[in-house]
Amino acid sequence: MVHEKNTPGSQVSRRSFLKDGALAAAGFMIVPRHVLGGKGFIAPSDRLRVAGIGVGGKGESDLEEIAKGPSDIAYLCDVDTRRAANSVKRFPKAKFYKDFREMLDKEHKNIDAVTVSTPDHQHAVAAMAAMQLGKHVYVQKPLTHDIYEARMLAEAAKKYKVVTQMGNQGSSGDGVRQLREWYDAGTIGDVHTVYCYTDRPVWPQGIPWSDMKAPVPAELDWDLWLGTAPYKDYIDKLVPFNWRGWWDYGTGALGDMGCHIIEPPFRILGLGSPKSVECSVGSVYVDEFKRGYFPESCPPSSHVILKFENHKGKEVTLHWMDGGIQPERPEELGPNEIMGDGGNGAIFIGTKGKMMCGTYGRDPKLLPTSRTEQVKVPQKYARVPEGHYVQWVNAAIAGYNSDKDKAISSPFSIAGPLTEALLMANLAIRSFDIRKEANGKTTYPGRYVKLLWDNKNMKVTNFDEANQFVKRTYRQGWSLGV
């Protein structure tokens, strides 16, 4: 090493060097970490650069909420330019793509995080592709279309060390935290039974697939919209919303509302994988004593019974009811008082009392409702004043395993098992419609049975035909990449 003499000039030079070096170091500290290296690595001083996949309808409102945080909507992707028009207008600087695979391939170095607001059948492939590139992901509910996909996304979040959030906004609400505080304080004792119900579907279900082929709108890339699903000709009124009632694309009322209504009991009671599931479903009759058989479509209504063990090792029975079917009103509820929020809700029945809430865990109440103001318990769980979307933005900027990440309301470590439970219910509903023909006789072997579940192996152990719905086969050209 060469040493300089300590002359007056050298002292000035040394001071200038230290000053300039300090400024340089300060400047260096705010250079984006992704520039310095490390896939998916974002400096705390950065704004989150977000790419939206599926930017019309719900995707439009998702991006609007995410933009309220320290983020920049940098890329937009949608297979339907009609649906994307409002987002394109709202974020004019964002570059537009139709195929998310092309967007991620070309732009991944300029993207920190991705939102996925497509139909259910495309959630997993889009989210997995982003996570494999080290991108933080926000995925609309339900997390996936299949049980297998939900398991794979939850594992991928850990493997790729990314910040994740599912779009069940109520998990960031005050309601579920108030319910949990009442439960933890022993206010209603041990909960053994829960009723969850919804007035959905509000789209056609229990109907045959139309045989009327329609022209594909010029603005829609039908092949890309189908994605992982089997090829079918385009029909009117499937896009943009009624796909929810078809098993190839949607997950019915359970997929639409289950993540909002079952999430409070799932979290509060520490539920995990169901031990068993059974169901009954509504029927559509097309003639006298002739029941319609429409296996491609979700049924018009259903009642599913799931058996869990809670965090204390005690059995909990959860009833799911859709199509407007509701449980008996609790005797503690006044005859003119609203149960839940009217069309939707959850009722917790414990050994010492009951409580209820509406969709998203909103409007929590102890029963009788007069107890709601009378019973006071300490606040135990931090609220989320910034809301569900900005919570994810802030956590993504802070980074994987940061304190903000650990406080995320619906990370895939929770959203994955919750989605699996919902899809277990759908497993029973779909099994109900399995039909066999032999010796001129029609049978439905999946009806009126209880399905027993091996969670480790993701397998029904007593009715093998049901396992075809655990993991579907993607159309050629599409892969989950695992």
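## A look around the rings, cavities and cysteines

Let's start with K471, which is partly exposed at a relative accessible area of 47%. This lysine is found in the segment after β19 (459-460). Keep in mind as you look around that the model is predicted. K471 and I66 are 405 residues apart along the chain, and their C-alpha atoms are separated by 32 Å.

K471 also has an aromatic partner: its charged end sits over the ring of Y148, 4.3 Å from the ring's centre. You can find another contact of this kind at R101, whose charged end sits over the ring of W478, with 3.9 Å to the centre.

Now for rings that pair with other rings. With a cut-off of 6.5 Å between ring centres, the count comes to 12 aromatic pairs. Take Y138 and Y389: their planes are at 20° and their centres 5.0 Å apart, so this pair counts as stacked. These two tyrosines come from distant parts of the chain, 251 residues apart, with Y138 in strand β5 (residues 136-139) and Y389 in helix α13 (residues 387-398). Both Y138 and Y389 are buried.

W209 and Y249 make an aromatic pair too, but a tilted one, with 45° between the planes and 6.4 Å from centre to centre. Here the link spans 40 residues: W209 lies in the loop between β7 (191-197) and α9 (222-226), while Y249 lies in the loop between α9 and α10 (252-261). Y249 is buried, with a relative accessible area of 0%. The two also belong to a wider group, since one aromatic cluster is formed by W209, W222, W225, Y234, W246 and Y249.

What about empty space inside? Rolling a probe the size of a water molecule over the atoms shows where such space is left. Searching the whole structure turns up three cavities of 30 Å³ or more. Here are two of them in brief.

| Cavity | Volume | Make-up of the lining |
|---|---|---|
| Largest cavity | About 170 Å³ | nine nonpolar, five polar and four charged residues |
| Second largest cavity | About 80 Å³ | five nonpolar, three polar and two charged residues |

The largest cavity has 18 residues in its lining, and those nearest its centre are G282, G292, F294, P299 and D433.

Around the second largest cavity you'll find H145, D146, I147, W247, T251, L423, N426, L427, R430 and F469. Which helix gives the largest share of that lining? That would be helix α15 (residues 412-431), which supplies four residues.

Last stop: the cysteines. How many disulfides are there? The count comes to zero. C196 is a good case to check. The closest cysteine sulfur to that of C196 belongs to C357 and is 7.8 Å away, which is too far for a bond, because a disulfide needs the two sulfur atoms within 2.5 Å. Seen from the other side, C357 is in no disulfide either, and its nearest cysteine sulfur is that of C196. Are these cysteines buried or exposed? C196 has 1% relative accessibility, so it counts as buried. C357 counts as buried as well, at 1% relative accessibility.

Methods:
Residues numbered from 1 in each chain as written. Predicted model: local features only at pLDDT ≥ 70, side-chain atom pairs only at ≥ 80, totals over all residues. Heavy atoms only, no water. Phe/Tyr/Trp six-rings, centres within 6.5 Å; stacked < 30°, edge-to-face > 60°. Buried < 20%, exposed > 50% of the residue type's maximum accessible area, 1.4 Å probe, protein only. Lys NZ or Arg CZ within 6 Å of the ring centre and 35° of its normal. 1 Å grid on protein atoms, 1.4 Å probe; cavity = no way out; pocket = protein on both sides within 12 Å on 5 of 7 lines; lining within 4 Å. Points joined across faces, edges and corners; volume = space filled by probe spheres on them. Nonpolar A, V, L, I, M, F, W, Y, C, P; charged D, E, K, R; others polar.
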